[in-house]
Amino acid sequence: MSTTTTVNEQKLMEFVFKSVGDFGAMLAGSMAVIGDKLGLYRAMAGAGPMTPAELAGRTETAERYVREWLCAQAAAGYVDYVGDDRFELPAEHAIALTDETSPACVIGGFELMLAAARSTDRLVTAFRTGVGVGWHEHHADLFEGCERFFRPGYNGNLVASWIPAMDGVAERLGNGIRVADVGCGFGASTILMAAAYPASTFVGTDYHEASIASAQERAAAAGVGNRTRFEAGRAKELSGDYGLICLFDCLHDMGDPVGVLRHLRDHLDADGSVLLVEPYAGDTVSDNLNPVGAVYYGASTLLCTPNSLSQEVGTALGAQAGEARLREVAAQAGFTRFQRVAETPFNLVFQVRQ
């Protein structure tokens with residue numbers, strides 16, 4: 001027996017045009033990475049209107065490519081076309097695309113998301129087989145893009161508001177404790193804390209050896225190499241006792257988050273805390289049906305869930321786990337105190353204690 005579906009033509013065309021907009025958004029990500037890698041945005045920042053030839057001259061690139069790129073960027077709303085063959089990067093856009101000291105900087109996100117999208121073919125296979133895809137199996141730009149995407153938020157919030165919001169932690173750091181930064185990547189968060197709290201010592205761990213090598217180099221360049229140590233290893237391999245253990249945007253990526261937190265609990269001193277930072281999310285799917293949720297669900301499909309499924313247990317919390325699920329995981333690991341201490345449009349911040 002067949003049924004006839006009545007199609008709302010207006011709704012159909014609205015979705016068609018939404019899809020076309022998404023085509024442009026996908027391509028805009030590639031355009032942004034090109035603009036970043038070639039220094040096109042940096043050359044335009046604060047320079048006023050310029051022609052494609054002038055921008056090509058400043059960046060030692062080919063004018064014909066630059067002209068097409070500028071037109072694409074103007075159509076997407078990234079630069080302004082001011083007439084007379086001239087284009088301008090608005091000051092506000094320049095901050096978001098070039099100023100990596102600003103919490104508003106998003107340029108690393110384009111590098112991260114484009115690197116994730118490059119694994120589409122691999123994910124098609126993973127969907128069919130159910131096998132995981134490890135973090136280390138993605139395009140090399142993923143690791144730098146991830147660091148550049150999250151670092152501005154850490155710069156703006158970690159020392160200024162997140163740590164001060166935790167009960168007693170800033171004082172302990174000022175007096176001197178041992179700190180572990182688990183899943184540290186390139187060490188951006190580790191280095192920030194080491195610079196702010198010279199009486200404390202820090203160890204960063206990550207299973208991705210290339211990231212650990214970069215973290216060591218960056219810590220030395222930042223002048224905190226004498227108080228930081230970076231080791232390649234998984235979260236359950238952490239040894240020693242710590243006054244603070246940090247997990248920045250990584251617990252949901254782990255195959256056994258309960259087991260990880262249980263192991264870390266055993267390595268906290270009597271007054272120790274876990275600083276748990278996770279992507280912003282509500283507790284239900286409907287809470288997350290918004291632009292931020294779309295990004296995090298998409299990234300979780302390509303990166304976070306496959307990474308968890310590639311490990312033991314394979315819990316696959318996903319990037320939109322939400323506070324209630326995270327609280328449950330912490331309780332299963334034996335923690336009795338779980339408090340949200342801060343939030344941003346992109347992160348939830350918790351203090352977790354025994």
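What follows is a friendly conversation about how some labels on this predicted model are earned.

Author: This is a predicted model, in which local features need pLDDT of at least 70, side-chain atom pairs count only at pLDDT 80 or more, and totals for chains, interfaces and linings use all residues. Residues are numbered from 1 along each chain as its sequence is written, and side-chain values use heavy atoms, with hydrogens and water left out.

Reader: What makes A235 a buried residue?

Author: Buried means under 20% relative accessible area, exposed over 50%, and partly exposed in between, with a 1.4 Å probe and protein chains only. A235 has 10%, so A235 is buried.

Reader: Where does A235 lie, and which residues is A235 in contact with beyond its neighbours within four places in sequence?

Author: A235 lies in the loop between β5 (228–232) and β6 (242–248). Helices (H or I, at least four residues) and strands (E, at least two) are DSSP runs, numbered from the N terminus. Contact means heavy atoms within 4.5 Å. With those sequence neighbours left aside, A235 touches V182, M254, V260, H263 and L264 in that sense.

Reader: How do you know whether Q73 is buried or exposed?

Author: Its relative accessibility is 0%, and therefore Q73 counts as buried. Q73 belongs to helix α4 (residues 63–76). Leaving aside neighbours within four places in sequence, Q73 has M31, Y41, Y78 and V79 as contacts.

Reader: Which residues of helix α10 are buried, and what do they pack against?

Author: In α10 (residues 188–196), the buried ones are A188, S189, T190, I191, M193 and A194. The buried residues of α10 pack against several elements, among them α8 (141–165), β3 (178–182) and β4 (201–206).

Reader: Why is F17 called exposed?

Author: F17 is called exposed because its relative accessible area is 59%, set against the limit of over 50%. F17 sits in helix α1 (residues 9–37).

Reader: What makes V7, L12, M13, V16, F17, V20 and F23 a patch?

Author: Patches are made of residues with over 30% relative accessible area and no salt bridge (a side-chain nitrogen of Lys or Arg within 4 Å of a carboxyl oxygen of Asp or Glu). Like charges are joined within 9 Å, and nonpolar side chains (Val, Leu, Ile, Met, Phe, Trp, Tyr) within 5 Å. These residues form a nonpolar patch on the surface, with about 650 Å² of accessible area together. Accessible areas come from the Shrake-Rupley method with a 1.4 Å probe, and for residues only the protein chains shown count as cover.

Reader: How many disulfides does a search of the whole structure find?

Author: The search finds zero. A disulfide is a pair of cysteine sulfur atoms within 2.5 Å.

Reader: Why does C105 have no such bond, and what about C184?

Author: The closest cysteine sulfur to that of C105 is in C146, 14 Å away, so the gap is too far for a bond. For C184, the closest is in C250 at 9.2 Å, which is also too far for a bond. C105 is buried at 4% relative accessible area, and C184 is buried at 7%.

Reader: What is notable about the phi of E60 and of V313?

Author: Most residues other than glycine have a negative phi. E60, which is not a glycine, has a positive phi near 55°, and V313, also not a glycine, has a positive phi of about 70°. E60 lies in the loop between α3 (52–59) and α4, and E60 counts as exposed at 76% relative accessibility. V313 is in the loop between α13 (291–309) and α14 (323–332), and V313 counts as exposed at 61%.
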